[in-house]
Each structure stands twice: as C-alpha cells, then as structure tokens.
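User: Could you walk me through the contacts that hold this fold together? I have the model open and would like to take it one question at a time.

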Amino acid sequence: MSENPAAPKKPGRNNGAVVMMCLSFVFGMGAMSYAAVPLYRIFCQVTGYNGTTQRVDQMSSVVLDRTMRVTFDANVAPGLQWDFKPVEREVNPKIGETIQVNFTAENRSNETQRGQAVFNVTPGEAGVYFNKVQCFCFTETDLKPGEKLDMPVVFYIDPDIVKAVESKNIHTVTLSYTFYPKEGPKPLASNEGGAEKSEKKL
C-alpha cells in the first residue's frame, strides 16, 4: 500500500529543546547550591545552630554570680605553615562578664601567607549564647615570613544561657578555631588600582 502524502506527519522530538531544559535544570540546581551556603551561614549565625557564635556591638549589662569554664582549641588546615595557639588554655569568667583572651599565630614559611579563621562552640546549644564583641576571625589575616601576631578575642556568655532548658546545665564550653588558607587580592582589585593611577596621571 502506498503512503498517503496528505496524511499529517507526526511531530518529531525537538532534541534542542530537551538539551536546553536539561542545561537549565543543571544551572538552576547549581545556583541554588551556591546560594544555600551563605543562607545556611546566616541561619547558623542567627540561631546559633551547629555551635555558631553570635557577633554583637555592645557588652552585656548583666553579670551573674556564676562562672562558666571556657576552653580553647586552635587548629591549622593544610596549606598554611602557621603555628597557631591560645595564650591561655582556659578561663573561668562570670556569666555576662566581658573578657579578652589572646591567640598567637606565627608564619613558619618563607613566603607571605593569608588565612581566614572559622570557628564554632561546643556543645552546640551554647553557640547562640556565646557573644563576640571583637575577634580576629571577622577579617582575613596576612602574615609575612617569620611574622608573629597577637590576636585578641573579646566575648561574653549571655546570661540567658541559664534560663533555657537545653543549656541551663552547661558548665563548660569550648571555643574552637581553624585557620584555612585564603587566596590573595583578586585581579579586579589590582586593575582598579591601575585605573586609578592612570586617572591621576591624566
């Protein structure tokens, strides 16, 4: 039987459209994953989840007649040849009392290295009550070869820690830092500096 030329042809699958849909899905998922990192970090900072401490601009106005043992842990990730440690291994401030402790970092390499410290508090339930007024972890740190730096941390334990059911029986908290290597200034910043110099010459 001969084919009827008048019969409508079945529409073929548009491979280009399928590929575009797949690529859009992949890029969309990638964008969501990228955005999830800062969103998760903000969530931890607000709630104290996963032992994330709080950053505050003012000191506590309430000091309790009860102390809290605070111990310190210092670590350096691969890629940084630094000697990093707390000056004191532990302190026993009153809850609500603002105190300063110090860490030291020394670059053991023969080149300038840049690091960024990340931190957490254990037990995790104490994170939301651990308030930092000042900390070297807020910014990146550059150390020249052989350079040694004293780095202060100013903090207090929020008195509300004794009210919450999940934290009222906590008597010891550990503040832990790990320094990770960071890249140097981005090329864009250098180009902008060059552009500014060019403008000054003009």
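User: How many salt bridges does a search of the whole structure find?

Analyst: Happy to start there, with the reminder that this is a predicted model. Side chains of opposite charge can pair when their charged atoms come close. Searching the whole structure for such pairs gives a total of seven salt bridges.

User: Which residue forms a salt bridge with Glu90, and how many residues apart in sequence are the two?

Analyst: The partner of Glu90 is Arg69, with 3.0 Å from N to O. Glu90 lies in strand S4 (residues 90-91) and Arg69 in strand S2 (residues 69-76), so the salt bridge ties together parts of the chain. Glu90 is partly exposed at a relative accessible area of 34%, and Arg69 is also partly exposed, at 34%. The partner is therefore Arg69, and the separation in sequence is 21 residues.

User: How do S2 and S4 run where bridges join them, and which residue in S4 stands opposite Val70?

Analyst: Strands of a sheet pair through backbone hydrogen bonds, either parallel or antiparallel. Here two bridges join S2 to S4, and the strands run antiparallel. The residue in S4 that stands opposite Val70 is Val91.

User: What is the strand order of the open sheet of five strands, and which are the edge strands?

Analyst: The pairing in this open sheet is mixed, and its order is S4-S2-S10-S6-S8. An edge strand pairs on one side only, and that description fits S4 and S8.

User: Which residues are linked with Lys182 in a network of salt bridges?

Analyst: A good place to begin is the salt bridge of Lys182 with Glu140, whose closest N and O atoms are 3.8 Å apart. Lys182 lies in the loop between strand S10 (172-181) and helix H2 (187-201), and Glu140 in the loop between S7 and S8, so this pair joins parts 42 residues apart in sequence. Both are partly exposed, Lys182 at 38% and Glu140 at 36%. The network links Lys182 with Arg114, Glu140 and Asp142.

User: In the salt bridge of Asp160 with Lys163, is Lys163 buried or exposed?

Analyst: The closest N and O atoms of Asp160 and Lys163 are 3.3 Å apart. Asp160 counts as partly exposed, at 35% relative accessibility. For Lys163 the relative accessible area is 64%, and the cut-off for the top class is over 50%. Lys163 is therefore exposed.

User: Turning to the rings, what is the count of aromatic pairs, and how is the pair of Phe84 and Phe103 arranged?

Analyst: The count comes to 12 aromatic pairs. For Phe84 and Phe103, the centres are 5.6 Å apart and the planes meet at 25°. The pair links distant parts of the chain, with Phe84 in strand S3 (residues 82-86) and Phe103 in strand S5 (residues 99-107), 19 residues apart. Planes under 30 degrees apart count as stacked, so the arrangement is stacked.

User: How are the rings of Phe84 and Phe136 arranged?

Analyst: Phe84 is buried at 6% relative accessible area, Phe103 is buried at 0%, and Phe136 is buried at 7%. The rings of Phe84 and Phe136 have centres 6.0 Å apart and planes at 80°. Phe84 lies in strand S3 and Phe136 in the loop between strand S7 (130-135) and strand S8 (141-143), so this pair ties together parts 52 residues apart in sequence. With planes at 80°, the arrangement is therefore edge-to-face.

User: Which residues do ring pairs link into a cluster, and which charged end sits over the ring of Phe119?

Analyst: The cluster consists of Phe72, Trp82, Phe84, Phe103, Phe119, Phe130, Phe136, Phe155, Tyr177 and Phe179. Over the ring of Phe119, at 3.4 Å from its centre, sits the charged end of Lys132.

User: Which residues make up the covered face of S3?

Analyst: S3 pairs with S5 in the antiparallel sense over five bridges, and Trp82 stands opposite Asn107 in S5. The uncovered face of S3 holds Asp83 and Lys85. The covered face is made up of Trp82, Phe84 and Pro86.

User: Finally, which peptide bond is cis with omega near -5°?

Analyst: For this one, look at the loop between strand S6 (113-122) and S7, where Pro123 has its place. The cis peptide bond runs from Thr122 to Pro123.

Note on methods
Residues numbered from 1 in each chain as written. Predicted model: local features only at pLDDT ≥ 70, side-chain atom pairs only at ≥ 80, totals over all residues. Heavy atoms only, no water. Phe/Tyr/Trp six-rings, centres within 6.5 Å; stacked < 30°, edge-to-face > 60°. Helix = DSSP H or I, 4+ residues; strand = E, 2+ residues; numbered from the N terminus. Buried < 20%, exposed > 50% of the residue type's maximum accessible area, 1.4 Å probe, protein only. Lys NZ or Arg CZ within 6 Å of the ring centre and 35° of its normal. Pairing = 2+ DSSP bridges. Salt bridge = Lys/Arg side-chain N within 4 Å of Asp/Glu carboxyl O.
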